[in-house]
Amino acid sequence: MQSFLPNMFYYGFPVVLLSTIDEKGKADVTPISCTFTLGTNAVIALVKLNQAYENVMAVPEVVLNLPNASMWEQVEKIAPYTAKDPVPAQKAAKYTHTDDKFALGGFTPLASDKVRPPRVAECPIQAEAKVVNVNDRNGYVLVELEIVQVHAQDHLVMEGNKINPLQWEPLIYNFKHYYGIGEHKGLNFTIK
Ligand SMILES: Cc1cc2nc3c(=O)[nH]c(=O)nc-3n(C[C@H](O)[C@H](O)[C@H](O)COP(=O)(O)O)c2cc1C
């Protein structure tokens with residue numbers, strides 16, 4: 001056993017394509033992995049250098065679009081880009097500006113029902129959400145969301161408005177490597 005303090009500790013989180021719009025209505029799609037949900041609440045972490053942060057501050061509505069594992073190359077295709085213009089100096093060494101990450105990744109914007117940012121049509125699950133609180137931290141914000149509507153492809157939905165875990169394969173970000181999920185191991189006691 002070794003003891004240390006890493007500066008990156010992404011121990012396996014689902015990838016989300018976050019769609020947002022700016023005050024003029026221009027849409028952006030940003031890969032994120034710092035998210036969790038509880039009931040209809042969600043929390044995401046956004047670095048302040050990102051356009052997604054600017055957009056959420058201007059228009060406090062988002063869509064959490066969930067790519068499946070097979071979409072990892074589309075996600076990685078847009079990963080080196082930012083909609084911020086100019087690119088902030090701290091990002092300039094690794095990131096390039098683009099006006100349209102939807103087109104770059106082969107993603108199609110689809111109108112949402114209850115929020116202004118569009119959904120990503122190719123993502124099998126999409127959750128529309130409204131910002132209810134923003135917690136300012138050094139360099140990033142923790143954004144609390146209320147999920148107001150979920151859309152899922154027919155084959156993923158079970159009786160009772162539930163997602164079928166036997167059909168859904170999330171894309172997992174494991175210390176910056178992309179994974180699907182492995183074989184089925186078992187069930188939680190509440191559904192046995
Ligand atoms: C898989 C993945 C997960 C990421 N997770 C986050 C995250 O949770 N929060 C964040 O602010 N940036 C995250 N990023 C980085 C942003 O996607 C990146 O900075 C991007 O340029 C921001 O785009 P934007 O400026 O157009 O919003 C992640 C990137 C990838 C590829």
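Lys 101 counts as buried, at 5% relative accessibility, where buried means under 20% relative accessible area, exposed over 50% and partly exposed in between (1.4 Å probe, protein chains only). Asp 28 also counts as buried, at 3% relative accessibility. This is a predicted model, in which local features need pLDDT of at least 70 and side-chain atom pairs count only at pLDDT 80 or more, while totals for chains, interfaces and linings use all residues. Residues are numbered from 1 along each chain as its sequence is written, and side-chain values use heavy atoms, with hydrogens and water left out.

**Salt bridges**

A salt bridge is a side-chain nitrogen of Lys or Arg within 4 Å of a carboxyl oxygen of Asp or Glu. By this rule the count comes to five salt bridges. The table gives three pairs, among them Lys 101 with Asp 28.

| Pair | Closest N to O |
|---|---|
| Lys 101 and Asp 28 | 3.4 Å |
| Lys 48 and Asp 136 | 2.6 Å |
| Glu 54 and Lys 84 | 3.0 Å |

Lys 101 and Asp 28 form a salt bridge that links distant parts of the chain, with Lys 101 in helix α3 (residues 101-105) and Asp 28 in strand β3 (residues 27-32), 73 residues apart. Helices (H or I, at least four residues) and strands (E, at least two) are DSSP runs, numbered from the N terminus.

The side chains of Lys 48 and Asp 136 also meet in a salt bridge. Lys 48 is in the loop between β5 and α1 and Asp 136 in strand β11, so this pair ties together parts that are 88 residues apart in sequence. Lys 48 is partly exposed, with a relative accessible area of 24%.

Glu 54 meets Lys 84 in a salt bridge. Because Glu 54 lies in helix α1 and Lys 84 in the loop between β7 and β8, the pair ties together parts that are 30 residues apart in sequence. Glu 54 counts as partly exposed at 33% relative accessibility, and Lys 84 counts as buried at 16%.

**Lys 91 and the ligand**

Lys 91 sits in the loop between β7 (81-82) and β8 (96-97). Lys 91 is buried yet has no salt bridge, and the nearest side chain of opposite charge, Asp 28, is 8.2 Å away. For charge, Lys and Arg count as positive and Asp and Glu as negative; His and the chain ends are not counted.

The side chains of Lys 91 and Asn 50 are joined by a polar contact of 2.7 Å. A polar contact is a pair of N or O atoms within 3.5 Å; within protein, one must be able to donate a hydrogen and the other to accept it, and residues adjacent in sequence count only if both atoms are side-chain atoms. Leaving aside residues up to four places away in sequence, Lys 91 touches Leu 49, Asn 50 and Thr 82, contact meaning heavy atoms within 4.5 Å.

A polar side-chain atom of Lys 91 is 2.9 Å from an oxygen atom of the ligand. For Asn 50, a side-chain N or O atom lies 2.9 Å from a ligand oxygen, and for Asp 28 the corresponding distance is 2.6 Å. Of the 21 residues around the ligand, those that come nearest are Asp 28, Thr 30, Gln 51, Thr 82 and Lys 101; a residue is near a molecule if one of its heavy atoms lies within 4 Å of it.
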